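Please look through the model shown below, beginning with the chain as a whole and then turning to its interior and to single helices and residues.

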Amino acid sequence: MSRTKRNYYDLAERRIDTYASYLLNNIITFNEAVEDLLADPIVNNFFDKNEIEVILSFELQRGCHQSGGTVQ
């Protein structure tokens, strides 16, 4: 992977992490996060809807287990 492509991939991952944080803090809903990330051209270049949903679900479960909460 070229350096530029790798930088954009890292940026896409950071944006997904940001939205996962928004979800954990109840700032937005799961569907809003998925829609916003799909609308982001950088994220959409590397991840499809299914991949975004899987990543966000994993991050939600991981975040809730670390905080002692439950996934709703």
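What percentage of the 72 residues of the chain count as buried? In this predicted model, 28% of the 72 residues fall into that class. The secondary structure consists of four helices and zero strands, so that the order along the sequence reads α-α-α-α. Of the contacts in the chain with a separation of 6 or more, 49% are between residues 24 or more positions apart. The surface that the chain exposes comes to about 5,100 Å², and carbon and sulfur atoms supply 46% of that area.

From the surface we can turn to the interior. In soluble globular proteins, nonpolar side chains tend to be buried together. The largest nonpolar core here has 16 residues, and V43, F47, I52 and L56 are those with the most contacts inside it. At least two residues of this core come from each of α1 (3–24), α2 (30–39), α3 (41–46) and α4 (49–67), while α1 gives the most, with five residues. F47 may serve as an example of how the core is joined: when its neighbours within four places in sequence are left aside, F47 is in contact with Y9, A12, E13, I16, I52 and I55.

Helix α1 can be examined in its own right. With 22 residues at 1.5 Å a residue, α1 should span 32 Å, and because its end C-alpha atoms are 31 Å apart, the model agrees with that expectation. The buried residues of α1 include Y9, A12, I16, A20 and L23. These five cover an arc of only 85° around the axis, which means that they lie on the same side of α1. On the face of α1 turned away from this buried side, the exposed residues R3 and T4 are found. Just after α1, N26 takes a positive phi of about 55°.

A last residue to follow is I42, which is located in helix α3. Is I42 buried or exposed? I42 has a relative accessible area of 18%, and because the cut-off for buried is under 20%, I42 counts as buried. Leaving aside neighbours within four places in sequence, I42 is in contact with Y8, L11, A12 and R15. Although I42 and Y8 are 34 residues apart along the chain, their C-alpha atoms are separated by 6.8 Å. A12 is listed among the contacts of I42 and also among those of F47, and A12 is one of the buried residues of α1.

Notes: Residues are numbered from 1 along each chain as its sequence is written. This is a predicted model: local features need pLDDT of at least 70, side-chain atom pairs count only at pLDDT 80 or more; totals for chains, interfaces and linings use all residues. Side-chain values use heavy atoms; hydrogens and water are left out. A nonpolar core is a set of buried Ala, Val, Leu, Ile, Met, Phe, Trp, Tyr and Cys residues joined through side-chain atoms within 4.5 Å. Buried means under 20% relative accessible area, exposed over 50%, partly exposed in between (1.4 Å probe, protein chains only). Contact means heavy atoms within 4.5 Å. The expected span of a helix is 1.5 Å times one less than its number of residues. The arc is that of the directions from the helix axis to the C-beta atoms. Accessible areas come from the Shrake-Rupley method with a 1.4 Å probe; for residues, only the protein chains shown count as cover.
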